[in-house]
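Hi,

Here is the structure I promised to pass on. Have a look at it first, and then read my notes below.

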Amino acid sequence: GGREANQVAGDYRYQDGNYDGYYRGGDEPAHEEDAQSDVTEGHDEDDEVYEGEYQGIPHPDDIKEKQKKRAPAVADEYRDRADLMAERMEDEEQLAHQYENIIEECGHGRFQWTLFFVLGLALMADGVEVFVVGFVLPSAEKDMCLSSSNKGMLGLIVYLGMMVGAVVLGGLADKLGRKKCLMISLAINAAFAFLSSFVQGYGFFLFCRLISGLGIGGALPIVFAYFSEFLSREKRGEHLSWLCMFWMIGGIFASAMAWSIIPHYGWGFSMGTKYHFHSWRVFVLVCSLPCIASLVALKFMPESPRFLLEIGKHDEAWMILKQVHDTNMRAKGEPERVFTVSYIKTPKQVDEFIEIQSSTGTWYQRWLVRITTTFKQVWDNVLYCLTAQYRMNTLMLAVVWFTMALSYYGLIVWFPDMIRYLQEEAYESRVKIFDEEEVSHFTFNFTLENQIHRNGEYRNDKFIGMKFKEVRFEDSLFEECYFEDVTSSETFFENCTIISTVFYNTDIYEHKFINCRVINSTFLKEKEGCHLDFEEDNDFLIYLVSFLGSLSVLPGNIISALLMDKIGRIKMIGGSMLISAVCCFFLFFGNSESAMIGWQCLFCGASIAAWNALDVITVELYPTDKRATAFGILNGLCKFGAILGNSIFASFVGITKVVPILLASSALVGGGLLALRLPETREQVLM
């Protein structure tokens, strides 16, 4: 204390006959230009330092500011939650309009296009995932000895994973952040898709595809919520529609890779007799590349500033928006343009996450509380989408999403199945029938295909190094014959008599003998496992159908992107669904492969505009802190519709075309008419 008094006493200066300094005696006015000590000399007026700061004395203005900040926090404890929520809603409305102005100031340029391609790769990975299982099923069912029920489960398990992933990861994106949850989503998909290409057992492969689908299912709602928060109102509908093109590119990529990789049986390796890495596994591996590329590129992109503002992180959001502004201005050749925003409104934080101190409880107790708290908040968001304010919009959107998915995914599976059925009908019409033939002492060393042999007699014949494809022996006799190194597909012996015959290294198993008498016959060294037959299973026409179906949505994508902000989201959804319903009726006239392919392309091209508009309106109808959650719920319902559509439509293949066509048409008409009741959002700022 004494030292400080001496310091003050020593700081007197004599100026124009007046003593002036930190301490002034008397009532004489002080001269501002002489009011600086040696300590503060050289500082500007705006940067002037309070002298008491060097003695540990707080500035009076700082005390007042702290009191102002502390007062509302104390008062909030005694305020009604409804009042706090009302204040937050008011803050959010102010933020929505201010944020729109900020995004317009930042412009649309290099930053948005970079993010466009990064998120496009994630959307491409989603498109690839839908097609992968369908392409590998013919080969996988042979490689892993799949029954019909197992094959059906493998086709549906991906949609089941996507359904769960969309709801869970979409909800988490509103609490943990867009970028973080999207990276988690892509990492899960990449890891398990990569792993699924190496596993040999059906159960483990099924599990890997389930978790892989769960990962990529969360990507779709996050991608659209993430990208929309960097777009201005005038650009949002158009550029979200352009982003949808990457789903089409994913389908084209999967079709092209399947076409070029799977038929090449030599593109693989074997390790002993148990481990086989066939070409279809190479295809699964290649299909994980878009996801990996997006995951790596996303590492260099920032979090959504709109999300950061919602959780009160003003400074981080401001820095990201400045980065967006500066990146776009440099690309436009205007680096001197200054980001003029200094303060952005942040909503009142009502439900803040309470971080548990490291000294409280054990580590797993802390993590358990964090996880349960986060999921409770996600569940609250789910329930919020059904509150009075959003209930009607949510229910109408749910019906539109579901009817669109039921008809679209059902028909997408039905088209290839119908083409296969038409091919099988044409194949069966060319069957060759041999009656009462007698063959003895003859060696068969060539392929027998699409034949029926009735009442034949085969004595002392040899069947060596040959294939049976779609061959049926009925009421025939085999006596003292020899089968060696024979492979067969869809080949059966019915009501036959087998006497003194040897089967060596063949796959003619017991179940292929139907009501047969086997006398003194020997089965030696039967072939183990299942065997691929690429000539039969890899039908190039199926790859071509998927390729053309994916490519056919290109005109619809372009038209929807150019017109989305001109005619509006509602007219786009309703018009597209009604046109698609009309296309379904013409399927009654599809009695050939070429006709089915043509109507499939027309249907896909007409329906894509509805998908794009649904993505856009779902993003715009919900506030930022509920956006990904709502999108995830609706997209999860969409995948449930896909599961039902696949199951229902596939069951009518070869039975009738009436039920699938009428079901798809009525669903599209109902959903399209209901969509016209939704509110238009093209003039709306993002809340």
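Let me start with N495, which sits in the loop between β15 (492–494) and β16 (497–499). Helices (H or I, at least four residues) and strands (E, at least two) are DSSP runs, numbered from the N terminus. This is a predicted model, in which local features need pLDDT of at least 70 and side-chain atom pairs count only at pLDDT 80 or more, while totals for chains, interfaces and linings use all residues. Residues are numbered from 1 along each chain as its sequence is written, and side-chain values use heavy atoms, with hydrogens and water left out.

Back to N495: its phi is near 55 degrees, a positive value in a residue other than glycine. Most residues other than glycine have a negative phi. N495 counts as partly exposed because its relative accessibility is 36% (buried means under 20% relative accessible area, exposed over 50%, partly exposed in between, with a 1.4 Å probe and protein chains only).

E470 also has a positive phi, near 55 degrees. This residue belongs to strand β11 (residues 467–474), and at 33% relative accessibility E470 is partly exposed.

Next, two helix residues. V167 is part of helix α5 (residues 148–176). Its C-alpha lies 4.5 Å from that of G632, although 465 residues separate the two in sequence. Neighbours within four places aside, V167 is in contact (heavy atoms within 4.5 Å) with G632, I633 and G636.

S580, in helix α19 (residues 569–585), is buried, because its relative accessible area is 0%. A polar atom of the S580 side chain lies 2.8 Å from the backbone oxygen of S576. Not counting residues up to four places away in sequence, S580 touches F603, A606, S607 and L668.

Finally, the empty space. There are five cavities of 30 Å³ or more (a cavity is a set of points on a 1 Å grid over the protein atoms alone where a 1.4 Å probe fits but cannot get out, and lining residues have an atom within 4 Å of a point). The largest holds about 200 Å³, the volume being the space filled by probe spheres set on the points, which are joined across faces, edges and corners. Its lining has 15 residues, with L220, W247, Y409, W611 and D615 closest to the centre. Helix α20 gives the largest share of that lining, four residues.

Enjoy exploring!

Key. A polar contact is a pair of N or O atoms within 3.5 Å; within protein, one must be able to donate a hydrogen and the other to accept it, and residues adjacent in sequence count only if both atoms are side-chain atoms. On a 1 Å grid over the protein atoms alone, a cavity is a set of points where a 1.4 Å probe fits but cannot get out, and a pocket is an open set with protein on both sides within 12 Å along at least five of seven lines; lining residues have an atom within 4 Å of a point.
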